[in-house]
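User: I would like to go through the backbone and the helix packing of this protein step by step. Please reason through each point before giving the value or name.

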Amino acid sequence: MKISLFYEFPLPRPWSEDDEHQLFQHGLDEVELADKAGFSTVWLTEHHFLEEYCHSTAPEMFLAAASQRTENIRLGFGVMHLPPPINHPARIAERVATLDHLSNGRVEFGTGEGSSVAELGGFNIDPADKRAQWEEALEVSIRCMVEEPFSGFKGEHVEMPARNVIPKPLQKPHPPVWVACTRPSSVQMAARKAIGALSFAYTGPEALKERVAGYYREFEEQGAPVTPAINPNILAIGGDLSMMVARTDEEALKRLGIGGGFFSFGIMHYYLTGMHTPGRTKVWERYEQAVADDPTLAYGPGRGAIGSPETVREFLRGYEASGVDEIILLLNPRSHEGTMESIEIMGSQILPEFIERDEKAVKDKAKRLEPVIEKVEARRQASDAPLFDETYAFGGLPTGRGGKFTAGEIPEAMAEINEGRVMAAEAEKSARESAG
C-alpha cells in the first residue's frame, strides 16, 4: 500500500494579511520534506469559493512550484474539475502536459465533476449536466493530449474544432487517469471505465475491503477502457481526521487540538447543511461551537493517523490489510510545525516497512492482473473520433457575428512594426552616409 498526503489548504479565520502567503510557503516546505521522507504522492484538490475550508483554487500552480523542489514524489490533481465552464478541455490538456514536463513525468491526473452549490452555482452549471460534462471533457482532454492534431469534437457540452494542442505529456500516452468517487456506485463506474478510483469516502478499513473487492470484480467483469492507458487502482482516505504523529499519543493529541475534524465539518457546511454568505459567514466559529456541543467531531480513537509511531503504524496496517492500493492522509489546519515533525517521523520510523511491502505487492498485482487486463483490453470500443480532414486549415483575421471585423488592433500593430522597420533602416542608412 502506498501512503500519500492530501492537501486542501484550509485556512480558518481570523485572517492576517500574510496568512495566505504563509500557507503556500509552508505547504512547499512540507511537500519537499515529504519527498525526502518517502511519501508516494502529494494530492492537491481544486475548489472554488469555499473560503476557510479550501484555498487550493489553482492546483497546477502549486504543483508546478513543488515540482522544482522535489525529485521523486508524484504530483496528483485530487481532483481537477472537468466541467467546461470551470476548465476548458484544451486548457486542461495544456496544463497537465506542461506540469508533466516540469516534473519529469510525475503527474497523476485526477478528475471530478464538482458537487457543491458554491461551485456549480458560481459557474452556472446545472447539476443535472455535470456527469455528461465530465464524460465529454474527459474524452476531449485526453484526445488533446494524444492526437496530433486533435481532430475536433461536437457534443452537447463541448464543441471544439481541429487544433494541435501542445505540449504533449512526457508520460506516454498520457498521465494515469483517476476519477473522484464518493459512493460504491461511482467506484464501480471507475472500474467499468478502467480508470483509477479516488474513493473519497470516509470509511474504516473493514468496510473498505468490500469496496476494494467490488472495484476489482467490476474491473474484471465489466471493464472497458475509455482512455488509451488503463489505470486499475483504488485509493482511499485513511480516516476522517487529520494526521498528527508525535513521540507519544498524548503529545500528538495535544498538537492536533480541535482542528482534526475541520475537514469533515467543512464538507457538511458547504455540501449539505450550511447556508453561506460570501465573505461574511465564519466557518471556523461555527465549527468551534459544534465541537463545544459535540467533542467527538474533533477526535475519536481509530479515525486517523494520530498518535505515537506505534499507534500510527498499527492504524496504517489495518488499511493495508483491506487491499487498497493507496491511502491519503489529511493535514491539520494551521499546524505547520506539527505537520513537519509528523512527516519526519513517518519517514524515519513508519514508511520504510510499507514501501518495502508495496514494492513486492505491485509486482504480484501486475502478474495477477495480466490475464484480467487482456480481457479488459478486448472490450475496448473502437474510437469514434473523426478522422482529421487534411484539407482543413485556419488563418487570417478573426471576425465577429455577421462577418463583422473585430480584430483591427492586429493590422494596426503590424503597420507600426513595418513603420518602425522603415524608420530603423533609414536611420541606419543616414548614419552610414554621415560616417562616409
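User: In this predicted model, where is the place of N104, and is N104 buried or exposed?

Analyst: In this predicted model, the place of N104 is in the loop between α3 and β4 (107–112). Its relative accessibility is 64%, and since exposed means over 50%, N104 counts as exposed.

User: What is the phi of N104?

Analyst: Most residues other than glycine have a negative phi. N104 is not a glycine, and yet its phi is positive, at about 60°.

User: Which loop holds F9, is F9 buried or exposed, and what is its phi?

Analyst: F9 is placed in the loop between β1 (2–7) and α1 (19–37). With a relative accessibility of 3%, F9 counts as buried. F9 is a residue other than glycine with a positive phi, and that value is near 55°.

User: Which strand holds V79, and what is the omega of the peptide bond from G78 to V79?

Analyst: V79 belongs to strand β3, which covers residues 74–81. Most peptide bonds are trans. The bond from G78 to V79 is cis, however, and its omega is near 15°.

User: Where does P173 lie, and what is the omega of the peptide bond from K172 to P173?

Analyst: P173 is found in the loop between β6 (159–160) and β7 (177–181). The peptide bond that leads from K172 into P173 is cis, with an omega near 0°.

User: How do the axes of α3 and α5 cross, and which word describes how these helices lie to each other?

Analyst: The axes of helix α3 (residues 89–102) and helix α5 (residues 130–146) come within 8 Å and cross at roughly 50°. The crossing in which α3 passes α5 is right-handed. Because an angle of this kind falls in none of the parallel, antiparallel or perpendicular ranges, α3 and α5 are to be called oblique.

User: Which residues meet where α3 packs on α5, and how many of the residues in this contact are nonpolar?

Analyst: From α3 the residues are P89, A90, I92, A93 and V96, and they meet A137, V140, S141, C144 and M145 in α5. By class, this contact of α3 with α5 has no charged residues and 1 polar residue, while the nonpolar residues number 9.

User: At what angle do the axes of α6 and α7 cross, and how many charged residues are in their contact?

Analyst: Helix α6 (residues 184–192) and helix α7 (residues 205–222) have axes that come within 8 Å and cross at roughly 35°, and α6 passes α7 in a right-handed crossing. On the α6 side the contact is made by P184, V187, Q188, A190, A191 and R192, and on the α7 side by R211, Y215, E218, F219 and Q222. The contact of α6 with α7 divides into 6 nonpolar and 2 polar residues, with the charged residues numbering 3.

User: Why does C54 form no disulfide, and how many disulfides does a search of the whole structure find?

Analyst: A disulfide is a covalent bond between the sulfur atoms of two cysteines. C54 counts as buried at 4% relative accessibility, and the closest cysteine sulfur, in C181, is 19 Å from the sulfur of C54, which is too far for a bond. Searching the whole structure gives a number of disulfides equal to 0.

User: Where does D126 lie, and how far apart in space are D126 and W43?

Analyst: D126 sits in the loop between α4 (117–122) and α5, and at 42% relative accessibility D126 counts as partly exposed. D126 and W43 are 83 residues apart in sequence, and their C-alpha to C-alpha separation in space is 27 Å.

How values were computed:
Residues numbered from 1 in each chain as written. Predicted model: local features only at pLDDT ≥ 70, side-chain atom pairs only at ≥ 80, totals over all residues. Heavy atoms only, no water. Axes fitted to C-alpha atoms, helices over the stretch in contact; angles between N-to-C directions. Helix = DSSP H or I, 4+ residues; strand = E, 2+ residues; numbered from the N terminus. Parallel < 35°, antiparallel > 145°, perpendicular 65-115°, else oblique. Left-handed = near helix turned anticlockwise from the far one by under 90°. Contact = heavy atoms within 4.5 Å. Nonpolar A, V, L, I, M, F, W, Y, C, P; charged D, E, K, R; others polar. Disulfide = S-S within 2.5 Å. Buried < 20%, exposed > 50% of the residue type's maximum accessible area, 1.4 Å probe, protein only.
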